Amino acid sequence: MPVLSHLVGSVSQPDAESVFRVVADTLGNGVARIPDGEVGERFYWIQFQKSRFDATPGLVRVGEPGPLLRGLFDNRPIAVGPGVDAASLELPPLGYADAALESYRTFSRLRDDGVIPAGVRFQVSLPTPAGVVGSFFADDAKAAVEPVYERAVLAELDRILDGIPHDDLAIQWDTALEFGLLERAEIRGHRMRAWWSDEPSEVLAGVVERAARYAAAVPDDVSLGWHLCYGDVEEHHFVQPKDAGTLADVVTGIARSVTRPVDWIHLPVPIERDDEAYFAPLADAEWPSGATVFLGLVHHEDGVAGALRRATAARTAVPEFGIATECGFGRGPAERTVPLLRLHAEVADALS
């Protein structure tokens with residue numbers, strides 16, 4: 001069977017049409033879904049959501065301004081203003097639906113023109129509401145703001161579902177911040193803590209319960225998957241996993257709690273992990289029935305040889321899988337895009 005490639009979301013190109021064309025030209029039927037590359041304001045994943053919070057009456061920044069990430073993004077936490085009831089907050093449109101609907105028109109035109117192969121779906125990658133709230137809000141605001149932001153994200157999802165034919169659509173839930181909570185990661189002396197519990201088993205239960213809730217919002221005739229991630233700030237994880245054990249716990253939780261079909265799950269593989277020990281916990285994981293496993297074992301730094309080393313180790317625990325990078329590659333230089341896509345094709349051919 002041919003080995004498929006999966007694109008997590010971001011692709012370094014100037015616009016959605018460029019992404020669709022370069023992916024279709026390089027990978028063709030080697031992908032089941034194509035994202036729009038998260039171009040424009042979305043280039044740094046969820047960072048653009050801060051502009052929506054800054055435009056929301058009742059939300060305020062905490063502390064004095066400091067250095068901006070990439071010279072653009074304010075890193076100060078966000079809080080609910082004094083005397084403001086979080087339940088009364090009215091967020092502006094978040095931008096995900098507008099971008100998806102615009103990109104889908106381009107996708108549909110290119111497919112009609114034969115540029116994109118028939119049967120390939122349009123992929124929309126959405127961040128988990130918990131991941132956004134946990135990344136940007138002050139600790140004492142997270143519990144109150146989470147349901148407000150979750151409703152806003154699901155409203156964006158509803159607009160996408162209303163505007164794109166379901167048999168053309170694939171929804172991916174990007175799950176990253178949650179692994180910092182599960183691993184009790186420490187960033188700049190601050191330990192990441194879940195706002196619903198500090199007990200490890202209850203943190204995991206909260207992550208899984210949220211995953212099931214997000215999945216339930218996606219109709220069964222829409223393709224659904226997960227990108228599980230250890231973070232990507234300037235191409236660095238917030239913590240390096242000692243093995244895939246925590247990933248296996250979340251995968252098993254999804255398999256047990258999500259009642260609708262799951263089409264794929266993507267897991268990261270650090271570049272230095274070509275040892276069987278990293279993958280061993282995946283042998284005992286429960287996988288959603290029928291889901292394709294994609295392993296992020298493609299790294300531009302060590303090419304086909306490195307990917308094949310990691311694939312050989314992975315097959316001791318997961319006999320069949322597709323391939324991907326660890327995370328999106330939209331924040332890398334544009335000149336890396338085509339060679340990286342070609343690398344996917346070469347690795348897939350070698351593994352098929």
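Student: Hi! Quick one to start: in β5, which residue is the bridge partner of valine 124?
Tutor: Hi! That would be isoleucine 171. Keep in mind that we are looking at a predicted model.

Student: Thanks. And how do β4 and β5 pair, parallel or antiparallel?
Tutor: Parallel: β4, which covers residues 121-127, and β5 are paired over six bridges.

Student: What about the other neighbour, how many bridges join β5 to β8?
Tutor: Six bridges link β5 with β8, the strand at residues 223-228, and these two run parallel. Isoleucine 171 turns up again here, since it stands opposite leucine 224 in β8.

Student: Where do these strands sit in the whole sheet, I mean what is the strand order?
Tutor: The order is β1-β4-β5-β8-β9-β10-β11, an open sheet of seven strands with parallel pairing. At its edges are β1 (33-35) and β11 (322-325), and each has a single partner strand, so one side of each lacks a neighbour in the sheet. From one strand to the next, the twist averages 30°.

Student: What holds paired strands together in general?
Tutor: Strands of a sheet pair through backbone hydrogen bonds, in either a parallel or an antiparallel way.

Student: Back to the edge, then. How many bridges join β1 to β4?
Tutor: Three, and β1 and β4 run parallel. In β4, phenylalanine 122 is the bridge partner of isoleucine 34. Arginine 33 stands opposite arginine 121, also in β4.

Student: Now burial. Is β5 largely enclosed or left open?
Tutor: Largely enclosed by the rest of the structure, because seven of the seven residues of β5 (residues 169-175) are buried.

Student: Which residues are on each side of β5?
Tutor: One side has Leu169, Ile171, Trp173 and Thr175, and the other has Ala170, Gln172 and Asp174. They are all buried, and both faces of the strand are covered.

Student: Why do the residues split up that way?
Tutor: That is the general pattern: in a regular strand, side chains alternate between the two faces of the sheet.

Student: And how many residues of β4 are buried?
Tutor: Six of the seven, so β4 is largely enclosed by the rest of the structure too.

Student: Let me switch to helices. Why is α4 described as largely enclosed?
Tutor: Because seven of the eight residues of α4, which spans 129-136, are buried. The buried ones are Pro129, Ala130, Gly131, Val132, Val133, Gly134 and Phe136.

Student: Nice. At what angle do α7 and α8 pack?
Tutor: About 45°, with the axes of α7 (residues 200-216) and α8 (residues 245-257) 9 Å apart. The two helices are therefore oblique to each other, and α7 passes α8 in a right-handed crossing.

Student: Which residues make the contact there?
Tutor: From α7 there are Leu204, Val208, Ala211 and Ala212, and from α8 there are Asp249, Val250, Gly253, Ile254 and Ser257.

Student: Okay, and α1 with α11, what is the angle there?
Tutor: About 35°, between α1 (residues 16-27) and α11 (residues 337-351), whose axes are 9 Å apart. Their crossing is right-handed. On the α1 side the contact involves Val22, Val23, Thr26 and Leu27, while α11 brings Thr337, Val338, Leu341, Arg342, His344 and Ala345.

Student: Last topic, charges. How many salt bridges does the structure hold?
Tutor: It holds 22 salt bridges. One of them pairs arginine 309 with aspartate 302, at 3.5 Å from N to O. Arginine 309 is partly exposed, at 42% relative accessible area, and aspartate 302 is partly exposed as well, at 22%.

Student: Which residues do shared salt-bridge partners join into one network?
Tutor: Asp54, Arg61, Asp74 and Arg76. Within that group, aspartate 54 forms a salt bridge with arginine 61, and their closest N and O atoms are 3.0 Å apart.

Student: Is arginine 61 buried or exposed?
Tutor: Buried, with 17% relative accessibility. Its partner aspartate 54 is partly exposed, at 47%.

Student: One more, please: what does arginine 191 pair with?
Tutor: Aspartate 198, in a salt bridge of 3.3 Å from N to O. Aspartate 198 counts as partly exposed, with 36% relative accessibility.

Notes:
Residues numbered from 1 in each chain as written. Predicted model: local features only at pLDDT ≥ 70, side-chain atom pairs only at ≥ 80, totals over all residues. Heavy atoms only, no water. Salt bridge = Lys/Arg side-chain N within 4 Å of Asp/Glu carboxyl O. Buried < 20%, exposed > 50% of the residue type's maximum accessible area, 1.4 Å probe, protein only. Helix = DSSP H or I, 4+ residues; strand = E, 2+ residues; numbered from the N terminus. Pairing = 2+ DSSP bridges. Axes fitted to C-alpha atoms, helices over the stretch in contact; angles between N-to-C directions. Parallel < 35°, antiparallel > 145°, perpendicular 65-115°, else oblique. Left-handed = near helix turned anticlockwise from the far one by under 90°. Contact = heavy atoms within 4.5 Å.
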